[in-house]
Amino acid sequence: MTKFSIIGVGGYIGYRHLQALKDNSVDLLCAYDISDSVGILDAFYPNTDFFIKEIDYKNFILKNNIDYTSICSPNFLHKRHILMSLKMGANVICEKPMVIKPKDLQLIEISEKKYNLSAFCILQLRLHEKIISLKKMINNKQDVFDVDLTYITTRGKWYYSSWKGNVNKSGGILFNIGIHFFDMLIWVFGKVKKIEVHMMNSDTCAGYIELDKARVKWFLSLDEEYLPDTSNNTRTYRSIVINNKVLEFSKGFENLHSKSYSKILSGEGFRIQDVAPAVMLVDKIKKTKVVSGSKNSHSFINKSNGK
């Protein structure tokens, strides 16, 4: 049986990775987290050894020849934990974003080659049936599509006191939530040709991306004041409109991490070359000067200016 360890089991995303591990019938030998609030282990792997000291975790790994390490730690620790795991002889499955600095991808690639191991990333939207169908449709057409992407997922005050609210640790909203959609857009519509940035602050970003087969107006926010009346009193609003037609994909997310693990274990996972385009795009967006009054602005820009 394939032997796993997991780093960051006490966090929000750890649950999905535990479920994916269980669904794929692998053996979770140990878990490591600086927090000891990890009772969730009882629901999946109650006999897993647990460590809160990195040295104890490392010693266990070296003695037990772990095959894979799942990394669910905060974004700014991903590079460190990936390199550490590869050096200790384990392949890696990392929650996205794999890194928040493009240059770190090269360091990981060098380490992969040095130890003859692989680092994979979870890009679950690529496994969503509706997104797969969309990609097939786009591939069969020569058109350039007009795309409107809006994603608002509100957060409470805790967020800004946590590592997620620290742009140096999380990469900010663009890496926390934007990376999912930017990766999907590039995968479906092709390479980036042009970008504009129309809004950029700690909780809301907006802009325009021109891809091989799409002109994309995008708006991302954590602020509940931007929620439209049609959000039905929920704290999240997700909308993708392509040539004035709504892409409905609100369902089908339940088992995407499990599918991701299944593909990785069968040798079909997403690697650095898959991750790089979206990471580089987000990094470029962050460094691009904000412009106002563009004809390519998302419709929510006017709403935000009038708040």
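# A tour of the predicted model

Start by selecting Ala20, which sits in helix H1. The model in the viewer is a predicted one. Ala20 is buried, its relative accessible area being 0%. Show the residues around Ala20: setting aside neighbours within four places in sequence, the contacts of Ala20 are His257, Ser258 and Tyr261. For a distance across the model, draw a line from Ala20 to His298: these two lie 278 residues apart along the chain, and their C-alpha atoms are separated by 36 Å.

Stay in helix H1, which covers residues 14-23, and move to Asp23. With a relative accessible area of 40%, Asp23 is partly exposed. His257 appears again here: the C-alpha atoms of Asp23 and His257 are 9.7 Å apart, although 234 residues separate the two along the chain.

**The nonpolar cores**

Next, select Ile82, Met98, Val147, Phe182, Leu185, Phe189 and Trp218. Within the largest nonpolar core, which has 60 residues, these touch the most other members. Colour helix H8, residues 173-189: with 12 residues, H8 gives the most to this core. Apart from this core lies another, of 21 residues, and among its members are Phe4, Val38, Ile122 and Tyr261. Tyr261 was met earlier as a contact of Ala20.

Which residues does Phe182 touch, not counting those up to four places away in sequence? Selecting the surroundings of Phe182 should bring up Leu174, Ile209, Trp218, Leu220, Ala278, Leu281, Val282 and Ile285.

**Helix H10**

Ala278, Leu281, Val282 and Ile285 lead to the next stop, helix H10, where they are among the buried residues. The other buried residues to pick out in H10 include Ile272, Val275, Ala276, Val279 and Asp283. The cover over the buried residues of H10 includes two helices, H4 (103-115) and H8, together with the strands E6 (119-121), E8 (192-200), E9 (204-211) and E10.

Now check the length of H10. The helix runs over residues 272-287, and at 1.5 Å a residue its 16 residues should span 22 Å; the C-alpha atoms at its ends are 22 Å apart, so the two values agree.

**Strand E10 and Arg215**

From the cover of H10, go to strand E10, residues 214-221, and select Arg215. Is Arg215 buried, partly exposed or exposed? Its relative accessibility is 33%, so Arg215 counts as partly exposed. Leaving out residues up to four places away in sequence, Arg215 touches Val144, Phe145, Asp146 and Val147, and also Tyr208, Ile209 and Glu210. Two of these names have come up before: Val147 in the largest core and Ile209 beside Phe182. Lys193 is a further point to mark: it is 22 residues from Arg215 along the chain, with 9.8 Å between the C-alpha atoms.

**Helices H3 and H4**

Show helix H3 (residues 78-87) together with H4. Their axes are 9 Å apart and the packing angle is about 10 degrees. With angles under 35 degrees counted as roughly parallel, H3 is therefore roughly parallel to H4. On the H3 side, display Lys79, Ile82, Leu83, Leu86 and Lys87; on the H4 side, display Asp104, Leu107, Ile108, Ser111, Glu112 and Tyr115. These residues make the contact. Ile82 also belongs to the group named in the largest core.

**The loop before H4**

Select Pro97, in the loop between strand E5 (91-94) and H4. The peptide bond joining Lys96 and Pro97 is cis, with omega at about -5 degrees.

**Cysteines**

How many disulfides does the model contain? The count is zero. Cys72 is in no disulfide, and the nearest cysteine sulfur, that of Cys94, is 8.0 Å away. Cys72 is buried, with a relative accessible area of 8%. Select Cys205 as well: this residue is buried, with a relative accessible area of 0%.

**The loop between E11 and E12**

End at Asn243, in the loop between strand E11 (236-242) and strand E12 (245-246). Phi of Asn243 is near 50 degrees, a positive value in a residue other than glycine. Asn243 is partly exposed, at 36% relative accessible area. Asn244 is in the loop between E11 and E12 too. Phi of Asn244 is also positive, near 70 degrees. Asn244 is exposed, with a relative accessible area of 76%.

Conventions:
Residues are numbered from 1 along each chain as its sequence is written. This is a predicted model: local features need pLDDT of at least 70, side-chain atom pairs count only at pLDDT 80 or more; totals for chains, interfaces and linings use all residues. Side-chain values use heavy atoms; hydrogens and water are left out. A nonpolar core is a set of buried Ala, Val, Leu, Ile, Met, Phe, Trp, Tyr and Cys residues joined through side-chain atoms within 4.5 Å. Buried means under 20% relative accessible area, exposed over 50%, partly exposed in between (1.4 Å probe, protein chains only). Helices (H or I, at least four residues) and strands (E, at least two) are DSSP runs, numbered from the N terminus. Contact means heavy atoms within 4.5 Å. The expected span of a helix is 1.5 Å times one less than its number of residues. A disulfide is a pair of cysteine sulfur atoms within 2.5 Å. Axes are lines fitted to C-alpha atoms, for helices over the stretch in contact, and angles run from 0 to 180 degrees between N-to-C directions. Angles under 35 degrees count as roughly parallel, over 145 as roughly antiparallel, 65 to 115 as roughly perpendicular and the rest as oblique.
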